[in-house]
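Here's a quick walk through one model, starting with a single residue and working outwards. Have the structure open as you read.

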Amino acid sequence: MTIILMLQTTLKQLTLVFSPSATLNWCTRIFRSLRLLNFSEFLFSKIILNMAGSIRNMEEIYKKKKNFTYVPPTPPAELIDCSNFILDFTGRKFLNVGLDSEDKFNIIVQIITPSRYVNMPSDFLRRIFSLMGNILSFVLDVPQKYKRNLFLETDNISLSSMVYQGENMLVIESKTVNGCRVLLNRTDLIKLQYLEWSIVETVIRKTNIIRPLVLKQFEIIGNYIDREFTNVQLPPKTIEEMIIFIKNLKAEHIIKNIDLNFASQLKMFAAPKLAEQRLRWSREISPEVIKP
């Protein structure tokens, strides 16, 4: 009986390590060896009955794990005049500050990790900085499982905490885009606090200097596209065709003799917005006007 118990324990451990098919192969080899040792059919059946349930259960778990697939969120928007800050190079965590053409060229902040990202208004990041004392106090505290703090919440984004892998984490999560959230640990937050004034200065410069220039040049490019559009024998009729048309324009012919020239970036990263407005114009519909 001791041998039987040892065999049962060994085979159950195999089901935890190997796939069900591999485990069955091991079982077959062991049973063949036992036959050579003249073990009775009764003992064989007893071992098999004890193992059958375990193998079936593990097979179901294995199938569930095998069928799980990670579905990443949609890629983050390409930002115009993007500035980059490194939070954790080893962990591949970065913070970007730039203008989002899909949000009326407002300044947004992106935090990007290897598998997730989150966008937030620059004002929300400033509110995070104002709460950094309370946040760090919590993160540096002893982790308590199932304890969750909600530090800040708006209609679009939330700032909360959680325990992950035995460590307190700050969770920044979008409430409008599914799957867009990031986790920041103690080291990330200390680095973020260290970069606070550099990030704030970058946001102020982009808001007061860069954004008005970008809006003005966006208008110039739009007028240039309108002129080129009328000179084409077969003008584009869909958004996709218009985007290709815009990206094929030569940036050096659009805006000249300007030190801060964003024509190339607008042509590449704001092409969908330009295409939408130009098609509206071509159909004699007043395009949407973006005001600074």
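## A glutamate in H10

Let's start with Glu-276, which sits in helix H10, residues 271-282. This is a predicted model, so keep that in mind throughout. Is Glu-276 buried or exposed? Neither, really: its relative accessibility is 29%, so Glu-276 counts as partly exposed, given that buried means under 20% and exposed over 50%.

Now look across to Ile-243. In sequence, Glu-276 and Ile-243 are 33 residues apart, yet their C-alpha atoms are 8.8 Å apart in space.

## A lysine that's tucked away

Next up is Lys-267, part of helix H9, which covers residues 263-269. With a relative accessible area of 10%, Lys-267 falls under the 20% cut-off and so is buried.

What does Lys-267 touch, leaving out residues up to four places away in sequence? The list is Ile-246, Lys-247, Leu-249 and Ala-251. Two of these names, Ile-246 and Lys-247, fall within helix H8, which spans residues 239-247.

## Where H7 meets H8

Two packed helices are described by the angle between their axes and the distance between the axes. For H7 and H8, the axes come within 11 Å and cross at roughly 105 degrees. That angle lies in the 65 to 115 range, so H7 is roughly perpendicular to H8.

On the H7 side, the contact is made by Ile-225, Glu-228 and Phe-229, while H8 brings Met-242, Phe-245 and Ile-246. Sorted by class, that's five nonpolar residues, one charged and no polar ones. Ile-246 turns up again here: as well as contacting H7, Ile-246 is touched by Lys-267.

## The big nonpolar core

In soluble globular proteins, nonpolar side chains tend to be buried together. Here, the largest nonpolar core has 58 residues, and Met-120, Ile-172 and Ile-199 touch the most other members. Helix H7, residues 196-230, supplies the largest share of this core, with eleven residues.

Met-120 is worth a click. Not counting residues up to four places away in sequence, Met-120 touches Ile-108, Val-109, Ile-111, Leu-125, Ile-128, Ile-157 and Ile-172. Ile-172, then, is both a contact of Met-120 and another of the core's best-connected members.

## Zooming out

Overall, the protein has ten helices and eight strands. Of its 292 residues, 40% count as buried. The accessible surface comes to about 18000 Å², and 54% of that belongs to carbon and sulfur atoms.

As for contacts with a separation of 6 or more, residues 24 or more positions apart account for 54% of them.

Methods: Residues numbered from 1 in each chain as written. Predicted model: local features only at pLDDT ≥ 70, side-chain atom pairs only at ≥ 80, totals over all residues. Heavy atoms only, no water. Core = buried A, V, L, I, M, F, W, Y, C linked by side-chain atoms within 4.5 Å. Buried < 20%, exposed > 50% of the residue type's maximum accessible area, 1.4 Å probe, protein only. Helix = DSSP H or I, 4+ residues; strand = E, 2+ residues; numbered from the N terminus. Contact = heavy atoms within 4.5 Å. Axes fitted to C-alpha atoms, helices over the stretch in contact; angles between N-to-C directions. Parallel < 35°, antiparallel > 145°, perpendicular 65-115°, else oblique. Nonpolar A, V, L, I, M, F, W, Y, C, P; charged D, E, K, R; others polar. Areas by Shrake-Rupley, 256 points an atom, 1.4 Å probe, with all protein chains shown as cover.
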